[in-house]
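Hi everyone, thanks for making time today. I'd like to walk you through one chain and the way it sits against its partner. Let me put it on the screen.

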Amino acid sequence: MSIMPPAQKIWWKEPIHGIEIMWIIIALIWCLILFLWMPYWHVYGKQNLSNESYKTSPELFEAKATKMAKAHTVRTESKSNIPVVHPPVGSDVYLLGRMWQWWPILELEKNKTYRLHISSVDWQHGFSLQPTNINLQILPGYEMVVTITPDQAGEFAIVCNEYCGVGHHTMLGKIYVK
Amino acid sequence: MAVKMFRQCPDSGLFFHKSAESLMKAHAVLGVVYLLIGGIFGLLVAATRMPTIHLLDAETFYLALSIHGTAILIFWVIFFEMAVLYFAASTLLRCRPATPGIGWIGFILMVLGSLLVMVAFLRGNSSVMFTSYVPMPAEPIFYLGLILFAVGALIGCFIFLGTLVIAKQEKTYDGSIPLVTFGALTAAIIAIFTIASGAIILIPTLLWSVGLISHIDPLVYRTIWWALGHSSQQINVSAHVSIWYAIAAIVFGAKPMSEKVSRTAFLLYILFLQLASAHHLLADPGIGSGWKVFNTSYAMYLAVLASMIHGLTVPGCIEVAQRKKGFNNGLFEWLQKAPWGNPVFSGMFISLIVFGFIGGITGVVMGTEQINLIIHNTIFVPGHFHATVAVGTTLAFMAISYFLIPVLFRRELIWPAACKWQPYIFGAGMLLLILFLLGAGTLGVPRRHWDVNFSDAALQFQFAGTAITMLGIAGLGGILASVGGAMFCLIAVGSLVFGKRLDPGASLLSSFGFPMADSSYTVERPTKLGLAPIEQTGAGGVEAKGTFVLALVFLATFVVYFFINAKYLSSIWPMS
């Protein structure tokens with residue numbers, strides 16, 4: 001009985017069932033495969049989160065994003081005139097999260113690679129690119145650099161999926177891929 | 001004349017010490033109070049996330065969600081776990097509890113702390129969710145309440161350890177502690193680690209909230225907070241796995257297949273779970289892949305291995321016990337002939353299956369470094385932890401309550417038909433909720449979000465129609481689960497108040513933590529707890545073939561589901 005002391009005073013001396021041994025071996029092999037899959041994907045997979053990130057400050061990051069937007073804005077959108085920025089292929093692109101928008105709107109070219117820098121200037125936010133479904137945690141004070149290659153054309157939304165206050169559900173951004 | 005402090009339950013043969021019994025009752029009742037509060041707010045959350053009802057306004061929704069998460073994930077489970085600790089030490093070892101007076105101080109701190117947190121929530125300025133990520137601020141009393149609650153729980157853990165020492169010294173049992181107590185011991189050790197982590201981060205956060213510290217780094221906060229946030233769920237796992245073993249013993253007289261395997265599996269929890277909270281940081285900046293990969297898996301996923309072992313040995317020990325009783329035909333007669341109408345068993349078995357097949361598999365899949373990219377912070381995550389906490393832990397606690405109400409509280413269960421159906425209604429509702437949250441999350445729907453149609457947003461976006469439909473079905477599941485949860489609360493409270501007294505001393509006050517009449521306690525010192533009888537199992541004995549087949553089905557599901565998600569990952573934008 002599991003609610004009584006084991007029959008052997010030293011429980012280590014209790015016998016083991018054959019199927020337990022078999023199951024432990026099978027399960028351990030599967031656990032090792034689960035582990036090995038991660039380094040394997042770093043080598044052979046095409047979707048890995050970069051290890052590149054920097055300490056930053058809201059002021060510094062905002063300055064970088066504004067500078068990029070000034071240089072490459074092609075038009076504005078929506079009632080609040082959000083700039084749509086078409087950065088050069090291969091360049092450093094800045095995306096800023098704040099309550100409650102992703103700024104600016106980006107216009108990228110299909111199958112071209114960009115260095116996307118993302119940070120928050122206030123609270124924590126969640127970068128959730130839909131419908132392709134890429135999800136990243138964005139922290140104030142940390143600048144995450146992701147090298148991305150959009151391989152689908154179309155209009156993509158950036159949903160905020162980290163709760164960031166009462167307007168959280170209105171926080172949307174946009175990326176066009178042409 | 002020595003004071004008689006023990007009573008023996010004539011139905012179960014268990015011994016209850018007057019002081020420990022009162023502490024158990026008080027903690028369990030408070031747990032159910034928070035289950036009720038958390039459940040009501042859960043219903044409001046479910047009805048708001050159903051796009052067709054969309055019940056609450058945004059501000060109230062975030063407040064309700066903060067209360068739902070905290071009341072269930074912290075207050076309900078930890079109050080109940082404290083009751084489990086007193087039971088596993090004092091009752092199972094037939095021992096007086098260490099320092100019961102200090103136990104009451106711990107209890108009062110927990111009550112006070114949880115009340116402060118609830119007040120902070122209801123004042124409306126602390127809707128920061130269960131996670132309270134900085135720099136989003138809550139009121140100081142929110143952090144203070146959590147700290148007081150944690151100190152109270154810590155006291156309970158040390159009293160548990162003290163009781164083990166007394167039992168050893170006073171030789172109340174022979175040999176080693178029972179497996180269930182051993183499992184509770186792992187829960188207590190993990191709890192101490194967890195609470196220490198909580199203190200390390202919440203004390204500075206409290207100082208920050210009153211302006212004494214200027215800045216708390218959000219990444220440092222997340223790293224240490226998750227050593228509290230996830231490890232606390234590991235207390236639940238250790239506790240509810242112990243309860244699975246306890247129920248197997250109580251209902252079937254089952255002994256562990258082998259003590260060595262089950263106990264080693266519990267030890268693996270202690271050794272390999274703690275930093276593994278790293279899987280919450282897989283999509284974070286500022287931490288390298290090497291750290292993430294190693295700390296989620298320790299290269300071998302030995303904590304996952306531990307759960308896979310319990311997943312075999314718990315049903316396995318039931319199968320062995322049933323086969324010995326003669327249910328020996330085919331692979332599954334032992335399971336077919338199990339007492340499915342007894343909520344103690346049905347609740348436990350549904351808890352086991354849903355925890356393993358859904359909670360376990362989804363947890364490991366989304367805890368894989370790269371696969372996390374398609375799951376992080378989507379509503380898949382609540383899908384996962386409703387399988388682990390709402391079904392795994394909560395339903396196991398409900399199941400053992402059906403045993404404890406007659407045995408500990410000495411009240412007959414009211415409404416037997418409802419008792420029989422409650423685990424199925426709650427389980428079915430939760431299953432619906434879980435499966436469709438997982439589905440909607442796979443399609444990218446965010447968690448903790450008031451309006452996935454973005455009607456007030458400056459920009460527009462439409463999720464796939466399927467995703468919205470799935471949210472609606474999940475909400476229906478949530479409503480059904482709330483019915484099941486409400487039935488449990490009604491049965492529990494109703495039995496404590498109106499249930500037939502099984503002991504003349506079981507007064508109304510005694511249902512809520514006061515001792516029963518002095519005449520109920522007739523034993524001065526229980527007889528020494530002897531060793532379990534030696535049984536012929538293992539090589540040459542009865543084997544658990546049916547369970548092994550179930551385990552292989554589980555493994556196949558796991559493998560297929562893992563590679564489906566790997567395939568899905570390969571379809572998103574290339575990134576490095």
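Let's begin with α10(B), which is mostly covered: 20 of its 23 residues are buried. Keep in mind as we go that this is a predicted model. How far apart are the end C-alpha atoms of α10(B)? They are 32 Å apart, and at 1.5 Å a residue the 23 residues should span 33 Å, so the two values agree. If you follow the chain onward, α10(B) is followed by G326(B), which has a positive phi, near 110 degrees.

That same helix takes us to the partner chain. Here 94 residues of chain B are in contact with 79 residues of chain A. Several elements give two or more residues to the side of chain B that touches chain A, including α2 (58–91), α5 (179–209), α10 (302–324) and α16 (545–569) of chain B. Which of them gives the most? It is α10(B), with six residues. And what is that side made of, by class? On the side of chain B that touches chain A there are 60 nonpolar, 20 polar and 14 charged residues.

Now to a helix pair inside chain B. α2(B), which we just met on the side touching chain A, also packs with helix α4 (residues 140–169) of chain B, at an angle of about 10 degrees and with the axes 9 Å apart. An angle under 35 degrees counts as roughly parallel, so that is how α2(B) runs relative to α4(B). Who meets whom? From α2(B) we have I78(B), M82(B), L85(B), A89(B) and S90(B), and they meet A153(B), G156(B), C157(B), F160(B), T163(B) and L164(B) in α4(B). Look at the spacing in those numbers: an α-helix has 3.6 residues a turn, so residues three or four places apart point the same way. By class, the contact of α2(B) with α4(B) holds eight nonpolar residues, three polar and no charged.

Let me zoom out to the whole of chain B. Its secondary structure comes to 16 helices and two strands. The radius of gyration of chain B is 23 Å, close to the 25 Å that the globule rule gives for 576 residues, so chain B is as compact as a globular protein of that length. Along the principal axes, the C-alpha atoms of chain B fill a box of roughly 80 × 60 × 45 Å. Buried residues make up 60% of the 576 residues in chain B. Finally, of the contacts in chain B between residues at least 6 apart in sequence, 84% join residues at least 24 apart.

Note on methods: Residues numbered from 1 in each chain as written. Chains lettered and ligands numbered in written order. Predicted model: local features only at pLDDT ≥ 70, side-chain atom pairs only at ≥ 80, totals over all residues. Contact = placed C-beta atoms within 7 Å. Helix = DSSP H or I, 4+ residues; strand = E, 2+ residues; numbered from the N terminus. Nonpolar A, V, L, I, M, F, W, Y, C, P; charged D, E, K, R; others polar. Rg over C-alpha atoms; globule rule 2.2 N^0.38 Å. Buried ≥ 20, exposed ≤ 12 C-beta atoms within 10 Å, placed from the backbone. Axes fitted to C-alpha atoms, helices over the stretch in contact; angles between N-to-C directions. Parallel < 35°, antiparallel > 145°, perpendicular 65-115°, else oblique. Expected span 1.5 Å × (residues − 1).
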